[in-house]
Amino acid sequence: RRSQGSQSSKLVPSIMSNMLNPDAIFSNNEMSLSNIEIYGFDYDYTLVFYSKHLHTLIFNAARDLLINEHRVNQKVPPQFQWCYLVSVLFSRGLSVVPDEEVIAMYDGSHVPLEQMSDFYGKSSQGNTMKQFMDIFSLPEMTLLSCVNEYFLKNNIDYEPVHLYKDVKDSIRDVHIKGIMYRAIEADIEKYICYAEQTRAVLAKLADHGKKMFLITNSPSSFVDKGMKFIVGKDWRDLFDVVIVQAEKPNFFNDKRRPFRKVNERGVLLWDKIHKLQKGQIYKQGNLYEFLKLTGWRGSKVLYFGDHIYSDLADLTLKHGWRTGAIIPELRSEIKIMNTEKYIQTMTWLQTLTGLLEHMQVHRDSDSQMILEEWKKERKEMREMNRNFFNAQFGSIFRTDENPTYFLRRLSRFADIYMASLSCLLNYEPDYTFYPRRTPLQHELPGWSDQLCTGTFRIPFLQETFQIK
């Protein structure tokens, strides 16, 4: 038996020799870039990244709309400040709901399929759960929690369904009414994180003869100013097609909406579109017309976006495009995984799990007492592991041993994923991505066989250890 306190010096030698690269690209499916002729991009949180000031902007603007237009309650204090959500899993206001209460509420830990939101993560009925899937969701979750907290603390009676709808509508209006766009355009250096690597990525692809296009839900003037800031005044020369206000995911499914050309002053023209021309900007449209006008079909197209549903799902399921997910949190999580403390904790956690599985056959009182101590220690180690990433809900990719729902969707809808587009600079245009073979449970080596001899091997560390 090894105590928790002695694990650091003896259990994990040379742990820093297998560092993960935060700027790597990870693959769910085999894909060769030599087969990719056309690259497509979303705009927000794909080509451009925003500072945390944007969260505050959206939160405060939506809060004001909620008070002044939706009349949630005139007593709601206007000095609500941006704060990070306590938990995206189960919270009431800013307080975590105890596990026992959650289990009682849902008659167990299982959420029935009919209570899940629809394919795109939207809540289609009053009793369904909303999936928050992108970074733009952070202000909405926080505002919902803060207002809920205020009502609870002040004993204000309210209907949760109405509150959710009003908060959702307020967040939507920040976008639709142009509040967010005007604020960013007025102080672009404050809100946009300048990254010269965005231009480097686009220039590299152009130098190798790749065609490129942009499909975004953002408006024309907003995209133009942002791209001029991060890429340069000649940014349109790099793209063969630019489409704004596309209204994804409807863009991928609705065949009825034609394209409209937008002139230099942002005026919509009446011309019937027979060809998508380089240097022009088009509004709305639909993917079926896009495919007809460009001929860009199938696996020769690779499209990057940050939203699993709105950007990637339809493209891979219905149209056969290759897809790349941009996940900014990936870089910070990998850096945490590279720390000595994390690797030590994970190694000892795996060891404890193996010991419990192997030693549970011993029924004598002394063995059972040790097993209970191990179970307690394992619980503490699992909690410690979650806290490395987020004290409330851990990693966005894993819940203890299991993948999160987000990761399951990511694995299904994205061929490759990375922290930012700049990761492409680390690979040649003919590079082939090979997914690592992930062992199934029945393919894993038996812990018990290794532990019987007191010697075991940590595959990802490529080291052998002796339990003493």
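Start with D44 and what surrounds it in this predicted model. Once neighbours within four places in sequence are set aside, D44 is in contact with Y50, F136, T216, S218, F222 and D306. The residue sits in the loop between β3 (38–41) and β4 (49–50). Is D44 buried or exposed? Its relative accessible area is 8%, and with the cut-off for burial set at under 20%, D44 is therefore buried. UniProt, in an unreviewed entry, puts a "binding site" feature at D44, and an unreviewed "active site" feature is listed there for D42 and D44.

That brings us to D42, which is also found in the loop between β3 and β4. D42 has a relative accessibility of 6%, so it counts as buried. Beyond four places in sequence, D42 is in contact with L47, L214, I215, T216, K248, Y303, F304, G305, D306 and D311. Look at K248 in that list: the side chains of D42 and K248 are joined by a polar contact of 2.9 Å. Notice, too, that T216 and D306 turn up among the contacts of D42 and also among those of D44.

Now step back to the sheet. How many strands form it, and in what order? There are 9, running β1-β16-β13-β12-β3-β8-β9-β11-β10, and they make an open sheet with mixed pairing. At the edges you'll find β1 (26–27) and β10 (259–262), each of which pairs on one side only. As a general point, strands of a sheet pair through backbone hydrogen bonds, in either a parallel or an antiparallel fashion. For a parallel example here, take β12 (residues 301–305) and β13 (residues 322–326), which pair over 4 bridges. Within β13, G324 is the residue that stands opposite F304, and F304 is one of the residues in contact with D42.

Next, the nonpolar interior. The largest nonpolar core has 104 residues, and the members that touch the most others are F41, F239 and F290. Which helix gives the most to this core? It's α2 (residues 53–68), with 8 residues. Another core lies apart from this one; its 13 residues include L349, L352, L355 and F389. Back in the largest core, F239 makes contact, beyond its neighbours within four places in sequence, with F41, L47, L202, M212, F213, L214, M227, K278 and G279. L47 and L214 are worth picking out of that list, as both are also in contact with D42.

For a contrast with those buried aspartates, try G209, in the loop between α8 (196–207) and β8 (211–215). G209 has a relative accessibility of 60%, which means that it counts as exposed. Its C-alpha atom is separated by 8.1 Å from that of E37, although the two residues are 172 apart along the chain.

Finally, a word on confidence. The average pLDDT for the chain is 83, and 83% of the residues score at least 70. Over residues 77–89, though, the pLDDT is below 50, and the model gives this stretch 34 contacts beyond near neighbours in sequence. Residues 458–463 also stay under 50. For residues 458–463 the model has 18 contacts beyond four places in sequence.

Notes: Residues are numbered from 1 along each chain as its sequence is written. This is a predicted model: local features need pLDDT of at least 70, side-chain atom pairs count only at pLDDT 80 or more; totals for chains, interfaces and linings use all residues. Side-chain values use heavy atoms; hydrogens and water are left out. A nonpolar core is a set of buried Ala, Val, Leu, Ile, Met, Phe, Trp, Tyr and Cys residues joined through side-chain atoms within 4.5 Å. Buried means under 20% relative accessible area, exposed over 50%, partly exposed in between (1.4 Å probe, protein chains only). Helices (H or I, at least four residues) and strands (E, at least two) are DSSP runs, numbered from the N terminus. Contact means heavy atoms within 4.5 Å. pLDDT is the predictor's confidence in each residue, from 0 to 100. UniProt positions are given in the numbering used here, feature names are shortened, and annotations may be inferred rather than shown by experiment. Two strands pair if DSSP finds at least two bridges between them. A polar contact is a pair of N or O atoms within 3.5 Å; within protein, one must be able to donate a hydrogen and the other to accept it, and residues adjacent in sequence count only if both atoms are side-chain atoms.
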